[in-house]
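Hello,

Here is the structure I promised to pass on. Please open it first, then read my notes below.

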Amino acid sequence: MRGILVTLSVLFAVYTVLVYGVGDRLDTDRANSGIRSGMRVWQERNCQSCHQLYGLGGYMGPDLTNVASLREEPRIRTFIRYGTGRMPALAVSDVEMDHLIAFLKWVDRSGTSKVPPETVHWTGTYLINEH
Amino acid sequence: MNKVTRWQIGFALALLLAALIFGAIAAFAFVFPDIGDLIPFEQLRPMHVSAALFWIISGATAGVMHYKREVFTEQGRSALQAVFFSIWVATTIAVFVFYAFRKFGGREYWEFPPILCVPLLGAWLLLMLDYFRAWRHRPTDPPLYVWMWTTGIVFFLITFIEQNLYHVPWFRDTYLREITVQWKSNGAMVGAWNQMLYGTALYLMVKISGDEGIARGRTAFLFWFLGLSNLMFNWGHHLYNVPTAGWMRHAAYAVSMTEFAFFIAIVRGFRKKLEEHRRFKHLLTYRFLVASELWVFLNLILVLLMSVPAINRYTHGTHITVAHAMGATIGINTMILLASLGFMLRVDELAASRKKWIARGLAMTMASLLLFWLALIAAGAVKGYRDVVLGMSDFQRMMQPVFEVLKVFATAGLGLLVGMGIIVRHFLAALRKASYGASA
């Protein structure tokens, strides 16, 4: 029993190192300080309570993974500043707004949230960036 | 039961009530936005989520810290238990104070300012110190539930630290690394508290049946290893659509399919379960455990489907994910916790009228939860169809019929509030009468 437990623990440790180290090998877009500040604004305003990134987060508003390429920037700024419908107006400063936009653009560049049908393999898995 | 355990039980039940109340209001605020004018949804949701999360962890630790005293033949008072609990309570209250002032800063499930993770970590280390000091007096050949408690406690620490690694800039270097580490830890953390809870459920079954053999068999250990493997490697379904390295996706898919073994075991053991039910159905503690097993079965069907990426494509980011989370936290975790707290409070020795009310509360909870769960699945299916199949881009238009279905979910939530409210009321009455010193 102890043997299986030790084996599993070692596999877990190795797998964790692999995930941390090379799991993101396709993403070479490093965050700068503005993007990091934007991420902090995202967290402090609790945007994740209503919005999703890659389908993870709240359900009140739309997924914002690719909003930066789907909507024009002035429109995004207007939405954030004045709100609409269920979206509250966020009292963010101009600098915070710039950082938040930089964060959303960074997320957008990392990939697309929706999985195209042609990436679904017959075994049921996806082949994203593996063709 | 010692004085600290009594307080732990009372605190856990208060958190359950808070989770139910915030959850019921949040559900209506989701469907009827005007309610959100009073308390914004972005405040209600974290209040509900944190109350539920702290209910599960507080209830699980109350049980483990209490039962270990008997299993490890621990004598005397434990000052560490009291210090752990004091820090835990103070930090939990601070979380809600911060939410009340709209001070956020954390991430999904842990949306409070991250500085509060420091006392939580300190409290957990004290809990571990208390546990492993007693561990020295463990039986020579520990039963399975001891291993489950131990791995649950250790993996909670690992995943809690991992959840906070984003404070190290390297972990935020790329968005894919940031999101992967976040959901790796979140997924595994659920597995960690499940280890503590399933261990408790097994301990209770041993106590009810008087058969220590069920915690020592080879098959039981094999299934534990399978569960542990899923804790370690089956978190990838959160990230199927994230363009990380493919092997991460394929590994998660392969490991998740091993859960078919649990499904087959439940189906094969059905006849035995019926026999067991005939023997113990008069016990409330047992009925809570059976309720949790029923939800393991229902949720397993959903999880197995969601774990196939080709199906996950339609369910990811929809309310089907919420159905899975609610089935797990209410149907499985909460039912095991109510069994555990009920066992400690000796609810099976209460007056017949009280027991009848608890049974009614359980029946109402189960009926409401089924409706709640089915409404969420239906809402998710509608969203998945309109989003993926019809490709609708206008979010509000896409969600219109979903909000209609969610009115059923919000109404069922009221049933949950009333049903579990009845149970909590009678548990609190039992807590007031519970005597010190007597071990369950």
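The notes below go from the whole of one chain to its domains, one residue and the contact between chains.

Please keep in mind that this is a predicted model.

Chain B overall

Chain B holds 15 helices and zero strands. Its C-alpha trace spans about 60 × 50 × 50 Å along the principal axes. Is the radius of gyration what a compact globule would have? For 440 residues the rule puts a compact globule near 22 Å, and chain B comes out at 21 Å, so the two agree. Of the 440 residues in chain B, 50% are buried. The contacts reach far along the sequence. Take those in chain B between residues at least 6 apart: 81% join residues at least 24 apart.

Domains of chain B

The domain assignment splits chain B into domain 1 (1-137), domain 2 (144-268) and domain 3 (292-435). I looked at domains 1 and 3. In chain B, the C-alpha centres of domain 1 and domain 3 are 20 Å apart. Their contact involves 22 residues from domain 1 of chain B and 23 residues from domain 3 of chain B. On the domain 1 side, α1 (3-31) and α2 (41-71) of chain B each supply at least two residues. Which helix gives the most to that side? It is α1(B), with 15 residues. By class, this side of domain 1 of chain B has 16 nonpolar, five polar and one charged residues.

A residue in domain 3

Ile332(B) sits in helix α13 (residues 319-344) of chain B. Buried or exposed? Ile332(B) has 24 C-beta neighbours inside 10 Å, and 20 or more make a residue buried, so Ile332(B) counts as buried. Beyond its neighbours within four places in sequence, Ile332(B) is in contact with Ser292(B), Trp295(B), Val296(B) and Asn299(B). Phe297(B) is 35 residues from Ile332(B) in sequence, and their C-alpha atoms are 9.7 Å apart.

Chain A against chain B

The contact between the chains takes 53 residues from chain A and 51 residues from chain B. On the chain A side, at least two residues each come from α1 (2-22), α2 (33-44), β1 (52-53), β2 (56-57) and α5 (94-109) of chain A. The most come from α1(A), which gives seven residues. By class, the side of chain A that touches chain B has 26 nonpolar, 17 polar and 10 charged residues.

Best wishes

Key:
Residues are numbered from 1 along each chain as its sequence is written. Chains are lettered from A and ligands numbered from 1 in the order in which they are written. This is a predicted model: local features need pLDDT of at least 70, side-chain atom pairs count only at pLDDT 80 or more; totals for chains, interfaces and linings use all residues. Helices (H or I, at least four residues) and strands (E, at least two) are DSSP runs, numbered from the N terminus. The radius of gyration is taken over C-alpha atoms; the globule rule is 2.2 Å times the number of residues to the power 0.38. A residue is buried if 20 or more other C-beta atoms lie within 10 Å of its own, exposed if 12 or fewer, and partly exposed in between; C-beta atoms are placed from the backbone. Two residues are in contact if their C-beta atoms, placed from the backbone, lie within 7 Å. Ala, Val, Leu, Ile, Met, Phe, Trp, Tyr, Cys and Pro count as nonpolar, Asp, Glu, Lys and Arg as charged, and the others, Gly among them, as polar. Domain bounds come from an automatic or database domain assignment.
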